[in-house]
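Dear colleague,

Please find below the structure that I am handing over to you. A description of what was found in it follows.

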Amino acid sequence: MQSVGSQNIQTLSQPPSLSERSPIRILHVVGAMTRGGIETWLMHVLRHIDRQQFQMDFLVHVDYSCAYDDEIRALGSRIIPCPYTTQPLQYARHFKQILHQFGPYDIVHSHVNHFSGYVLYLARQFGVPVRVAHGHNDSTSVDAQANWQRRLYFALMKWGIKQCSTVEIGCSKQAATHLFGLSWKASSNQQILHYGVDLTPFQKPISKLAIRSELGIPTDAFVIGHVGRFAVQKNHAFLLKVAQDIIQREPNAFFVLVGEGPLKSEVEQQVFQMGLSDRILFIGSRSDIPQLMRGAMDVFLFPSLYEGLPLVLIEAQAAGLPCVISDVISEEVDAIKPLIHRLSLSHVSSIWAKAVLAQQHVSPLISQLQALEMLTASRFRIQDSAKQLENIYLAQRCQRSLVAL
């Protein structure tokens, strides 16, 4: 950067345009680039952000290949493993090596919940000027039940985030409050960035007959869908109880469960023991979620124990699906209110089953075309989400440049 003496007053008041500068280099820190909500949003961003002006790489906490890795590389970005989260000193050494080998980075953008406190501490220690903590979940109710060692860890990491971040972003107000506390509303460096989705796949023609035929589902079946990682958060144990109640009442009901995760084999075993293997289909991780939602599903069931702002619910609304969801989920996700039906997790499974079955013979309050039109005019378009993120990065770069001057 030029010294102050080499620039005139006009130049100082009007910093060089972005096109005159080198690209902003961002290192995103994520668990793994699987087909989860956070990762899918990041892929939407990578596809739509100006890649001439913003260079995004991904530090991951696994040492094996994941669903999005090949596309990330094809788009000119890197996947950089750093799988030492249980060994803090080794993680720090490797993190420093990554910054030296692949950097310098203008921004480290951390998406790993409380562990962001350590990530951003290291980023500050190693000279990264802009450090972003991004809250994606509100697990307050679960965290409150943790043992004292875990609660101490949460407190230390939140302190680290507060001390070491230059920007704090929440995907929803609940997620921001969970990670940053109530004070986040008072700071100009803390803001809400809602996820955006690419609506183009929801506009393309589909064949419902072909999609259901591929899955082995009768064309006239009543199909309840769920998309989510097989983990405690998604509450599959309760979902199975609801499924059992529904199938007992509606012999033509089928369930389609999309996703992978550590509890998948356990859930499959439960389904087998319940004698429902012919009615509950496990179809793994899929890249064609919009087509599956529009062609295979009639209702979307989502009884999560906690969420931040579930991207999959935005997608379900884009597909025009009635959504029966737990009332702990942020209302910020309600882009199309006639499609959202909230229930308390304190209700027994039969009440949830009745709510799902009630959608079977009800005329849609809104067509899928109308749903798309509403989403196109909403804050959930990926173009708007990516542009807001670009503006956050640009504002930070400009601010740091002026401070340096």
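**The sheet and its surroundings**

Helix α5 (residues 116-125) lies across β1 (24-30), β4 (107-110) and β5, and runs at about 170° to β4. Please note that the model is predicted.

The strands just mentioned belong to an open sheet of 7 strands, in the order β3-β2-β1-β4-β5-β6-β7, with parallel pairing. Its edges are formed by β3 (79-81) and β7 (190-192), each of which pairs on one side only. On average, neighbouring strands of the sheet are turned by 25° against each other, direction ignored. Within the sheet, strand β5 (residues 130-135) runs parallel to strand β6 (residues 167-170), and 4 bridges join the two. Histidine 134 has isoleucine 169, in β6, as its bridge partner.

**The nonpolar cores**

The largest nonpolar core comprises 75 residues, and Met33, Val256, Met293, Phe300 and Ile314 have the most contacts inside it. The element that gives the most to this core is helix α13 (residues 311-318), with 6 residues. Beyond its neighbours within four places in sequence, isoleucine 314 is in contact with Tyr195, Val197, Leu309, Val333, Leu375 and Phe380. There is also a second, separate core of 28 residues, which includes Phe95, Val108, Val128 and Ala176.

**A pair distant in sequence**

Alanine 386 lies in helix α16 (residues 382-404). Its relative accessible area is 3%, so alanine 386 is buried, the cut-off being under 20%. In sequence, alanine 386 and histidine 48 are 338 residues apart, whereas their C-alpha atoms are 6.7 Å apart in space.

With kind regards

Definitions and conventions. Residues are numbered from 1 along each chain as its sequence is written. This is a predicted model: local features need pLDDT of at least 70, side-chain atom pairs count only at pLDDT 80 or more; totals for chains, interfaces and linings use all residues. Side-chain values use heavy atoms; hydrogens and water are left out. A nonpolar core is a set of buried Ala, Val, Leu, Ile, Met, Phe, Trp, Tyr and Cys residues joined through side-chain atoms within 4.5 Å. Buried means under 20% relative accessible area, exposed over 50%, partly exposed in between (1.4 Å probe, protein chains only). Contact means heavy atoms within 4.5 Å. Two strands pair if DSSP finds at least two bridges between them. Axes are lines fitted to C-alpha atoms, for helices over the stretch in contact, and angles run from 0 to 180 degrees between N-to-C directions.
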